[in-house]
Amino acid sequence: MAAHLSSGRVNLTALREAGRRELREFLDKCAGSKAIVWDEYLTGPFGLIAQYSLLKEHEVEKMFTLKPGRLPQADVKNVIFFVRPRLELMDIITDNVLREDRGRSPQRDFHILFVPRRSLLCEQWLKEQGVLGSFIHREQYSLDLIPFDGDLLSMESESAFKECYLESDQTSLYHAAKGLMTLQALYGTIPQIFGKGECARHVANMMIRMKREFPGSQNSIFPVFDTLLLLDRNVDLLTPLATQLTYEGLIDEIYGIQNTYVKLPPEKFAPKKQGEGGKDLPTEPKKLQLNSAEELYAEIRDKNFNAVGSVLSKKAKIISAAFEERHHAKTVGEIKQFVSQLPHMQAARSSLANHTSIAELIKDITTSEDFFDNLTVEQEFMSGIDTDKVNNYIEDCIAQKHPLIKILRLVCLQSVCNSGLKQKVLDHYKREILQTYGYEHILTLNNLEKAGLLKPQTSGRNNYPTIRKTLRLWMDDVNEQNPNDISYVYSGYAPLSVRLAQLLARPGWRSIEEVLKMLPGPHFEERQQLPTGLQKKRQHGENRVTLVFFLGGVTYAEIAALRFLSQMEDGGTEYVIATTKLINGTSWIKSLMEKLEPAPF
């Protein structure tokens, strides 16, 4: 089931197994039949750790979504709430418990499992509501880093960026440090830690302190990772704002990938029957899982979208040729061999059909005039053209009332590519946005300014051209079909975050000291002592393994760029990616949006 987790240099199945073991132990504490009441946000991440079959083995008979009112009827002995530690969820749980019919026989036992940590505040709240005593087991389940793929881990903490940069709340950084300690317990101490940014510094400090406070956590495992690179999202605010141009990145930009699943418009996936016309088209969205367990997807996910079509047509020819083979199978042995390959061939054919349909859906959008105009403006900003004045295209989009998030992404991109906007330009944009979309968005604009995304140019100097030239962030001659540089993922722009990882591996950050000082937050290096006998002797030609941890979110295009570096012949480094959340520009800006609700009188 989880073969794709063990396909990379680091076998991430061990991490998934540790999560499953902890879950089994908790379920076994609640003896008898069980119903789980889910905080809806947790069902996706949990699905990547344990399928329903595992829960069933441990007497879970019913599952419900957490909502106010009476709990649904279920003839079970235990009711377990799986929830994040949030006060608004505690109110719903209180309502559920108070409405429980105490006269019923036999009575149901209540338990609560906080994910990823128990919260004193929440328990105090339940106590004040008079229901804390109703819970027999009150425990926590540390779902910190969830394996998404053979080289990808995410905490799926949707508000981490906002908490860190707007609310100065370091809870998610503590969870990141805890997750890294769990990784070290499973895969050995990471000897070298590099970092850039305030949050990176905090996480490294917490890790060092945790190691000091729990000396027993030193384990005698050969280190799997050579280096840990901690990167703050605000060191590179530009990358998530730009439109991703890889296959996986575009699927996420257009449809949104949630916990490796995507929901697509069903009409492209309806089986075509002769002479039936368009009747009985499915209405339910088509739900597909996207990960490297699927051979074709693993091959095309990180390619620039313009290079996907030729791969799909090549595959179609190979598959139809394979099916033609059956006409040449004469002997019993040949027929038997053909039949044994049939399941694999049919899976390949259905996979090809799905991805051809997805590619057609995406192509309809990428060939539209609006997509092209939007991309042209983005690329002008990123290459440093006209970043210091009001942009006509943005003004037109506001006048035509295009989606607000699209406007905010472009305006923030312009601001970041100009190290802030001149006050006059910034005021003009703000006024236009508030007059067109409503004054309730004033809080959102304030949040974007606090996060450093949309701000006035303070120093009077625009550092971006220097950063762009030194780090080679813009490449004019990009090869989308057979790339030779990471800039292919945005058709010209090389993600700053990934360029930092690339330069750290070779020739080292000393070569870019000046630019590092221009980027926000400190940069640092720490070494962790390894117990004697565990120092790694690298075999000739063996690659180093670096874990890159993005604090505040990472995009699929950045992941594709790191995978490209891993696969380079002379790269010498393989990357595993960890993050607080998988994001794209839309979901990221959405997490910072706030709406002023009208007063209730």
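Buried means under 20% relative accessible area, exposed means over 50%, and partly exposed is what falls in between (1.4 Å probe, protein chains only). Keep that handy for the exercises below.

The model is predicted, so local features need pLDDT of at least 70 and side-chain atom pairs count only at pLDDT 80 or more, while totals for chains, interfaces and linings use all residues. Residues are numbered from 1 along each chain as its sequence is written, and side-chain values use heavy atoms, with hydrogens and water left out.

**Exercise 1. Place Ser 491 and say whether it is buried or exposed.**

Step one: find the loop. Ser 491 sits between α18 (464–470) and α19; helices here are DSSP runs of H or I with at least four residues, strands are E runs of at least two, and both are numbered from the N terminus.
Step two: apply the cut-off. Ser 491 has 13% relative accessibility, so it counts as buried.
Step three: check the backbone. Its phi is near 50°, a positive value in a residue other than glycine. Ser 419 also has a positive phi, about 50°, without being a glycine, and lies in the loop between α15 (404–416) and α16.

**Exercise 2. Work out whether the radius of gyration of the chain agrees with that of a compact globule.**

Step one: get the expected value. The radius is taken over C-alpha atoms, and the globule rule is 2.2 Å times the number of residues to the power 0.38. For 601 residues that puts a compact globule near 25 Å.
Step two: compare. The chain has 26 Å, which agrees.
Step three: add the outline. The C-alpha trace spans about 75 × 75 × 65 Å along its principal axes, and 53% of the 601 residues count as buried. The chain has 22 helices and 15 strands.

**Exercise 3. Locate the cis peptide bonds before Pro 116 and Pro 507.**

Step one: take Pro 116. The bond from Val 115 to Pro 116 is cis, with omega near 0°, and Pro 116 is in the loop between β4 (109–114) and α5 (120–128).
Step two: take Pro 507. Arg 506 and Pro 507 are joined by a cis bond with omega about 10°, and Pro 507 falls in the loop between α19 (496–505) and α20 (513–518).

**Exercise 4. Which parts of the chain does the salt bridge of Arg 117 tie together?**

Step one: settle the term. A salt bridge is a side-chain nitrogen of Lys or Arg within 4 Å of a carboxyl oxygen of Asp or Glu.
Step two: find the partner. Arg 117 pairs with Asp 144, and their closest N and O atoms are 3.0 Å apart.
Step three: map both ends. Arg 117 is in the loop between β4 and α5, and Asp 144 is in the loop between β5 (135–140) and β6 (146–149), so the pair ties together parts that are 27 residues apart in sequence.
Step four: check the cover. Arg 117 is buried at 10% relative accessible area, and Asp 144 is buried at 5%.

**Exercise 5. Describe the salt bridge between Glu 574 and Arg 9.**

Step one: read the distance. The closest N and O atoms of Glu 574 and Arg 9 are 3.2 Å apart.
Step two: trace the ends. Glu 574 is in strand β15 (residues 573–579) and Arg 9 in the segment before α1 (13–29), so this pair links distant parts of the chain, 565 residues apart.
Step three: classify them. Glu 574 is partly exposed at 22%, and Arg 9 is partly exposed at 33%.
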